[in-house]
Every structure is written in C-alpha cells, then in structure tokens.
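User: I am new to this structure and would like the reasoning behind some of its labels. Please go through the aromatic residues with me.

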Amino acid sequence: MSKYVPDIVSKKWVIITSQRADRPEDRGQVDHVDPFAPGNEAKTPAEVFRIGPGRPDTKGWEVRVFPNRFPISDFHEVIIHAPKDGEMHNLSEDHAIKVFQAYRERYNYYHQMGQVIIFCNHGVHGGASLSHPHSQLVVLPHQINIDTLSREPLKNVI
C-alpha cells in the first residue's frame, strides 16, 4: 500500500511505497528475458486490456495492458506499445493510434478514481528498467494537488 505524504522542505507530495524495493534490478538480480515480448505473457500480471486478436494473456496482441508488478500507487498499469519495436517514433500512424486508443480507454476507466497520469518510459535515463518500449499509467488521489505546469520548467513538460 502506498502512502502520500507532504515534504515540508520541497513543498511537494512524496509517494512512499515498499513494493518498489522488490524490483529485481534494485536487488542486483537481472534477468535478460524480455517479459514484455510475445510468448512471455505468463511473466507479467494478467492483462486487463488488449488491442488485437487472441485470448487474454496469449500471443496475438498489438497493444497490451496489465497491472504494474511493482506499483507506486494503488492503480498503476503498464502499457506495452507493440510486440516488437514499440518506440513511439517508430510506430506506423495506424499503430500509434492504437496506443492512444489504449491510453484513452484506460484513462476513461480510472478518471473518476483520481488524477490519471500517463507517461512513456524511454531508456534508462527516462526511468525505464526494461528495454521493451512501454508507457505507464498511475492514478493519484484527487486530494493531492499535482500542479505540474506551475512547478516544472516548461522544457520538462511535453
């Protein structure tokens, strides 16, 4: 369970969660198998949404969504852009539309439960712990004021 506490020095909210400490890379255990690749669906939590043919948790998906195994909030999902190279700038227009459809569907599912934040991980410097391109969706409680635009330099906001 995550806790949200105000940091009196920075005047920002801080998320405290013990689940993140269980990530294999944080314990020095690196598995070189891509859990997000087709055929490895059993290596992730059960999918909650997909675009593409096939039964849940099987091959055939084009975009796949499942709960984050190491959440920072009560509602935290991983959105896999594509079975192979899913970097947003490499996707066809049709496939990029499917990724944004997944964003919209999951946003609509959660928007009444809190503030929905969707962010795309890109590389180690972007916070990605796995190289397979993906985005994440996090829901924060309404009572936490996330006024990012007034607190972040505009160069950091896309």
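What follows is a set of questions and answers on the aromatic rings of this predicted model.

User: How many aromatic pairs does the count give?

Analyst: The count comes to 4 aromatic pairs.

User: Why is the pair of Phe-36 and Phe-66 called tilted?

Analyst: The ring centres of Phe-36 and Phe-66 are 5.6 Å apart and their planes make 55°. Rings pair if their centres lie within 6.5 Å, and planes neither under 30 degrees nor over 60 apart count as tilted, so both labels apply.

User: What makes this pair a tie between parts of the chain?

Analyst: Phe-36 is in the loop between β2 (12-16) and β3 (49-51), while Phe-66 is in strand β4 (residues 63-67), so the pair ties together parts 30 residues apart in sequence. Both Phe-36 and Phe-66 are buried.

User: Why are Tyr-109 and Tyr-110 called edge-to-face?

Analyst: Their planes stand at 90°, with 4.8 Å from centre to centre. Edge-to-face needs over 60 degrees, so the name fits. Together with Phe-75, Tyr-109 and Tyr-110 form one aromatic cluster.

User: How do you know whether Tyr-110 is buried or exposed?

Analyst: Tyr-110 has 7% relative accessibility. Buried means under 20%, so Tyr-110 counts as buried.

User: What lies over the face of Tyr-109?

Analyst: Arg-106 does, at 4.6 Å from the ring centre. Tyr-109 also helps make a nonpolar surface patch of about 300 Å², along with Phe-75 and Met-113.

User: Why is Met-113 called partly exposed?

Analyst: Its relative accessible area is 39%. Partly exposed covers what is between 20% and 50%, so Met-113 belongs there. Met-113 is in the loop between α1 (93-110) and β6 (115-121).

Technical notes:
Residues numbered from 1 in each chain as written. Predicted model: local features only at pLDDT ≥ 70, side-chain atom pairs only at ≥ 80, totals over all residues. Heavy atoms only, no water. Phe/Tyr/Trp six-rings, centres within 6.5 Å; stacked < 30°, edge-to-face > 60°. Helix = DSSP H or I, 4+ residues; strand = E, 2+ residues; numbered from the N terminus. Buried < 20%, exposed > 50% of the residue type's maximum accessible area, 1.4 Å probe, protein only. Lys NZ or Arg CZ within 6 Å of the ring centre and 35° of its normal. Patch = residues over 30% accessible without salt bridge, like charges linked within 9 Å, V, L, I, M, F, W, Y side chains within 5 Å. Areas by Shrake-Rupley, 256 points an atom, 1.4 Å probe, with all protein chains shown as cover. Salt bridge = Lys/Arg side-chain N within 4 Å of Asp/Glu carboxyl O.
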